[in-house]
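Colleague: Please zoom in on the ligand site and tell me what the ligand has around it. I'd like one connected tour, in plain words.

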Amino acid sequence: MSGTRVLIAGASIAGPALAHWLTRRGAEVTVVERAPELRPGGQAVDARGVTKEVIRRMGLDSAVRAARTETAGAYTVDADGKVLETFSAEDDGGDGYISEIEILRGDLSRVLYDDTRNDVEYIFGDRIAELTQDADGVDVVLQGGERRRFDLVIGADGLHSSLRAMVFGPHERFVRHLGLALAFYTVPNEFGLGRWLMDFQEPETGRTAGLRPIPDATRAMAMFSFPAADLDVDYRDVEAQKRLLRERMTGMGWSAAQILTHLDDTPDFYLDQVAQVVMDRWSSGRVGLLGDAAFSSSPMSGQGTGLALVGAYLLAGELAAADWDPEAGFAAYEKRMRSFVEANQEIGRMHASMLIPGSDSEPPDYAGEWFTGLIDRAINGAELPDYAGVPDSGAQG
Ligand SMILES: Cc1cc2nc3c(=O)[nH]c(=O)nc-3n(C[C@H](O)[C@H](O)[C@H](O)COP(=O)(O)OP(=O)(O)OC[C@H]3O[C@@H](n4cnc5c(N)ncnc54)[C@H](O)[C@@H]3O)c2cc1C
């Protein structure tokens with residue numbers, strides 16, 4: 001059946017990427033995004049291993065490369081700015097700590113949106129208020145009052161997914177906090193930052209502060225993390241989040257105090273708790289989940305975007321290969337994604353616990369077989385079928 005109508009909630013990374021693939025497979029796609037426009041901001045996200053292949057198959061390799069941060073590598077520094085360690089973007093064949101393809105989250109979202117906007121109906125400033133499904137379809141009422149019927153609905157609405165809460169159960173059942181919070185925002189580059197990221201860690205308190213280069217060399221991206229087992233701040237209240245960051249960063253060395261003076265004049269700001277989403281299944285009837293809504297691995301895995309992009313390719317491919325039968329399509333998507341997700345979640349947990357003072361986790365043997373196997377599974381551990389025989393209106397020659 002072609003012309004299957006799909007509603008996606010969320011227009012960040014997973015939503016537009018899924019819209020791209022569903023449209024190519026012949027579906028009619030609507031995306032509803034709660035924010036009034038495409039959301040800017042967020043730090044750099046990396047494309048490694050199998051994710052690079054998905055971007056290539058999307059035909060977006062050059063658009064993504066054109067928007068890269070072109071970070072040459074990273075220094076860790078001490079409180080006086082003295083360099084302690086150096087990591088180059090060329091390490092590990094371009095798939096290392098600083099990956100060869102690194103792009104600001106907001107820029108990647110823009111690339112994906114621009115690619116799909118002519119073929120997909122985007123509704124900004126609205127969200128799903130009610131949803132009822134039966135054997136043949138899903139009735140949806142949008143907050144703005146519109147009623148529509150779809151064949152399938154996919155939640156790509158992030159860590160705090162309302163669609164997940166509506167269909168699968170309360171957040172507490174699925175969201176696992178890892179005891180850290182992260183914040184990012186842009187500042188003027190008055191720090192002499194070149195193409196190298198700088199990272200300062202304070203092991204006694206578990207706090208970190210950093211600056212990373214972005215495509216606009218007159219500005220830089222500020223990055224902070226701090227232990228926060230008890231974080232109690234509304235994830236939509238930006239002013240409260242800024243107050244919290246100031247408070248938690250008091251007394252932080254290196255250039256932290258100067259970076260914090262720009263909190264009130266930054267055009268973007270993101271703060272959230274580092275958390276994972278762990279679910280037994282990512283679908284219920286005609287409703288499925290993708291990206292952070294289904295399987296956030298947390299920013300500490302460095303792979304949230306990769307999981308969203310690879311998941312979008314597999315979800316659309318498997319639904320189309322199952323002739324849009326939700327049960328078969330969702331089951332095949334889950335089967336292909338599970339182990340890839342689990343490897344990335346394991347890395348996310350390991351990384352977070354190493355940053356929290358007093359946690360008794362030992363660093364792994366980085367050269368050991370177990371760890372190198374885990375990294376390989378996290379980067380390359382999803383097989384990408386070519387879905388020959390499934391419609392593909394955008395096939396590259
Ligand atoms: C502004 C922003 C900044 C970010 N910054 C970072 C970062 O610095 N580092 C990092 O590792 N990760 C960051 N992330 C998360 C990162 O984008 C994801 O881990 C990853 O790319 C997977 O993306 P996703 O599309 O599944 O979820 P997300 O990127 O979280 O996107 C979810 C989208 O759904 C929208 N939405 C939420 N609720 C509803 C609703 N009820 N109806 C409709 N739409 C809804 C949100 O506005 C958002 O656009 C950020 C996300 C956002 C939105």
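**Around the ligand**

Modeller: The shell around the ligand divides into nine nonpolar residues, 10 polar and seven charged. Here nonpolar means Ala, Val, Leu, Ile, Met, Phe, Trp, Tyr, Cys and Pro, charged means Asp, Glu, Lys and Arg, and the rest, Gly included, are polar. Bear in mind that this is a predicted model, where local features need pLDDT of at least 70 and side-chain atom pairs count only at pLDDT 80 or more, while totals for chains, interfaces and linings use all residues. Residues are numbered from 1 along each chain as its sequence is written, and side-chain values use heavy atoms, with hydrogens and water left out.

There are 26 residues around the ligand (a heavy atom within 4 Å of it), and S12, E33, R39, Q43 and D292 come nearest.

Now for some polar contacts (N or O pairs within 3.5 Å). From the backbone, an N or O atom of A14 sits 2.9 Å from a ligand oxygen. Two side chains join in: a polar atom of S162 is 3.0 Å from a ligand nitrogen, and one of T305 is 3.0 Å from a ligand oxygen. On its own the ligand has 920 Å² of accessible area, and the protein covers 92% of that (Shrake-Rupley, 1.4 Å probe).

Which elements give two or more residues to the shell? They are β2 (28-33) and α10 (304-321); these are DSSP runs, with at least four residues for a helix (H or I) and at least two for a strand (E), numbered from the N terminus. The largest share, three residues, comes from α10.

Let's follow both elements outward, starting with the helix. T51, in helix α2 (residues 50-57), touches G306, L309 and V310, leaving aside residues up to four places away in sequence (touching is heavy atoms within 4.5 Å). T51 counts as buried because its relative accessibility is 1%, and the limit for buried is under 20%.

As for β2, it belongs to an open sheet of six strands with mixed pairing, in the order β7-β2-β1-β11-β18-β17; pairing takes at least two DSSP bridges. At the edges, β7 (121-124) and β17 (283-284) each pair on one side only. Further in, β1 (residues 5-9) and β11 (residues 152-155) run parallel, joined by four bridges, and L7 has V153 of β11 as its bridge partner.

Note on methods. Polar contact = N/O pair within 3.5 Å; in protein donor to acceptor, adjacent residues only side chain to side chain. Buried < 20%, exposed > 50% of the residue type's maximum accessible area, 1.4 Å probe, protein only.
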